[in-house]
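Reader: I should be grateful for a close look at one part of this structure, and for an account of how that part meets its surroundings. Please take the matter step by step, as I am new to the subject.

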There are 2 protein chains.
Amino acid sequence: MEPLANDILSGNRRALSKAITLVESTRADHRQQADELLSALMPHTGNSFRIGITGSPGVGKSTFIEAIGETIIARGQKLAVLAIDPSSARSGGSILGDKTRMETLTQNEHAFIRPTPAGQTLGGVARRSFETMLLCEAAGFDVVMVETVGVGQSETRVADMTDMFLLLLSPGGGDELQGIKRGIMELADLLIVNKADGTQETLAKKTACDYRNALKLLRPRHAGWTPPVATCSALEGAGITDLWNTISKYRQFLNTNDVLDPQRRAQMRAWMWSQISEGLIEALHKEKTMARLISETEKAVYEGRLPASTGANTLIQTFLTGKQGDPK
Amino acid sequence: MEPLANDILSGNRRALSKAITLVESTRADHRQQADELLSALMPHTGNSFRIGITGSPGVGKSTFIEAIGETIIARGQKLAVLAIDPSSARSGGSILGDKTRMETLTQNEHAFIRPTPAGQTLGGVARRSFETMLLCEAAGFDVVMVETVGVGQSETRVADMTDMFLLLLSPGGGDELQGIKRGIMELADLLIVNKADGTQETLAKKTACDYRNALKLLRPRHAGWTPPVATCSALEGAGITDLWNTISKYRQFLNTNDVLDPQRRAQMRAWMWSQISEGLIEALHKEKTMARLISETEKAVYEGRLPASTGANTLIQTFLTGKQGDPK
């Protein structure tokens, strides 16, 4: 893996793409190579600012990323844009990381856009995305954005792998629409009401005000940073520079207050344990002798015939003693 | 366990207490008896309305429970009050379920108050509390309330085992105070601003208004029920009857729209799987041969020397193959 690692470090774009394909592969030999490659590159990771971004379809994520991407590159930085969209495997194509929606950025040599990895589970997709982020960092990218439309718990995953989480909203994103998904508002370090142009500008400002008031009721994630609520028009390019300044201010806040490194380390450790949980549950499901017991126990618990804890214990004990060969 | 089960079903209070002590025990033989008892009583559970309640210390939970308890009992119903407070084992005494704070209710034969079970982990405490709830239902209680002060993720646990979740707030619970913990506001099916009396009444109404506005921005848990924000004075008994009517209305809403049973079933199944995760991780930690590897791997991931996924895989594989005896 050494030649490939060196090519990535020297900024070779083809090597990067090859490595990403490797981490996305499900083949056992590829996984082993990917592990080797990542371990070799670890000392060269961590040098980007990691930004997560979510928003409902139609809120203007692609236009926004393109606009802010222009600003980032104008400041001499290299930008990678990744995506987490576990539904795309089923819908046959992701709406995220769609290069046709970020044409200008796609053509810029200082930008790199990658569509979501495929994957059966959100956990699997998130893992591949994060490893891709590590590769991009080793390749010298200064900013890595990870976007998601918000399927299942994908926003939480993206927030858990990034330094800063942005929530993009439409004007009037309150009464008229469905309202934002539970738990998302509180993940955001910066909220942005897009499309603040033309007839929608006043509404956008009112929406921003509503969110500002709502945030006053909540405990912020970090003492010393109340998530701002800004407006912008990605289409017209209005407010974009201010937003990048706010993002830079937050990065400074994280560094100055020695928050960034502890936050990343805690994220990584938490992520390891959640992957262990998922992996053990997956192993339990894969155990052929368990299939029937799982099905019966789940049914009994679901139908209220068996307490959940008794069911859980039965499955754990059977799985673990089965693994030992001798039933207890 | 049959005699004990029958005594519980006939409403024998001593039998109920004995059974609760059994489910709270950590001894393996007690656990087996508890499992037997619970399995026998399962057909007689589910007939209460399960209400969770949280609020910061000082917001008036005990006074509120006493006040609404009076209303419940006046309507001819039997009330059990349980608590989840995993910190009490360390602090040497729970502030919840403290009978001295709910004196009137304690003396009422139609009420049953139980302090939090002890436990090393939130998962353990929650399990015991839920099994206690099942026993109370078998004993014929019509309403079971579970309160928590909000340590760690206890609010989420309580919301996951109840039909309706109440959030109790102080007047001015916004700017002046710390703000409510992230993720809690969105768990609530009903928000109550207490202490709306005397000089605080106007402030309480304003706070209620602020929360109403904030909730407009969020997607409700169930289409058709926007969580109301009410005020009350538990001390003066003002607004308590209205609150019980609202709670009854919600119960009706859940039944009429066929939401209650599916919700409980989904809760139970989800809880079984989260207990399986916790149990498997616990087994991994208990495996003596794993201790050093866990420590080294966690350190490497935490320090950024090893990708989280590689670390996770190493631990999973070692644990599972170790269980099989033959290393792969």
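Author: One term is needed at the outset. A polar contact is a pair of N or O atoms within 3.5 Å; within protein, one of the two must be able to donate a hydrogen and the other to accept it, and residues adjacent in sequence count only if both atoms are side-chain atoms. It should also be said that the model is predicted.

The part chosen here is the beginning of chain A. The domain assignment divides this chain into domain 1 (1-44), domain 2 (46-257) and domain 3 (269-321). Between domain 1 of chain A and domain 2 of chain A there are five residue pairs in polar contact, both residues being at pLDDT 80 or more. On the side of domain 1 of chain A that touches domain 2 of chain A, at least two residues are supplied by each of α1 (2-9), α2 (13-24) and α3 of chain A. The largest share, eight residues, belongs to α2(A). By character, this side divides into ten nonpolar, five polar and three charged residues.

The extent of the meeting can be described next. The centres of the two domains, taken over C-alpha atoms, are separated by 26 Å. In contact with one another are 18 residues of domain 1 of chain A and 18 residues of domain 2 of chain A. Together the two domains bury about 1,600 Å², with 59% of that area on carbon and sulfur atoms. Within domain 1 of chain A, the residues that lose the most area to domain 2 of chain A are A:Arg13, A:Ile20 and A:Glu24, which together make up 34% of what that side buries.

Charge also has a place in this picture. Side chains of opposite charge can pair when their charged atoms come close. Two salt bridges are found across the interface of domain 1 of chain A and domain 2 of chain A. A:Arg31 and A:Glu131 are joined by a salt bridge, with N to O at 2.7 Å; the pair qualifies because the rule asks for a distance within 4 Å. A:Arg31 also forms a salt bridge with A:Asp35, the closest N and O atoms being 3.2 Å apart. A:Arg31 and A:Asp35 are separated by about one helical turn, because they stand four residues apart in helix α3 of chain A.

The surroundings extend to the other chain. Chain A can be laid on chain B by a turn of 180° and a shift of 0.0 Å along the axis, with an RMSD of 0.0 Å, and this is the relation of a two-fold axis. Of the interface residues of chain A, 100% are also interface residues in chain B, so the copies meet through the same surface.

That contact takes 66 residues from chain A and 66 residues from chain B. About 6,200 Å² is buried between the chains, and carbon and sulfur atoms give 65% of it. No salt bridge is found across this interface, while 14 residue pairs are in polar contact, both at pLDDT 80 or more. Helix α3 (28-41) of chain A appears here again: α3, α7 (122-138), α9 (201-216), α11 (260-286), α12 (291-302) and α13 (308-324) each supply at least two residues of the side of chain A that touches chain B. The largest share of that side, 16 residues, comes from α11(A).

Methods: Residues numbered from 1 in each chain as written. Chains lettered and ligands numbered in written order. Predicted model: local features only at pLDDT ≥ 70, side-chain atom pairs only at ≥ 80, totals over all residues. Heavy atoms only, no water. Contact = heavy atoms within 4.5 Å. Buried area = accessible area lost by both parts, 1.4 Å probe. Salt bridge = Lys/Arg side-chain N within 4 Å of Asp/Glu carboxyl O. Domains from an automatic or database assignment. Nonpolar A, V, L, I, M, F, W, Y, C, P; charged D, E, K, R; others polar. Least-squares fit on C-alpha atoms with pLDDT ≥ 70 in both.
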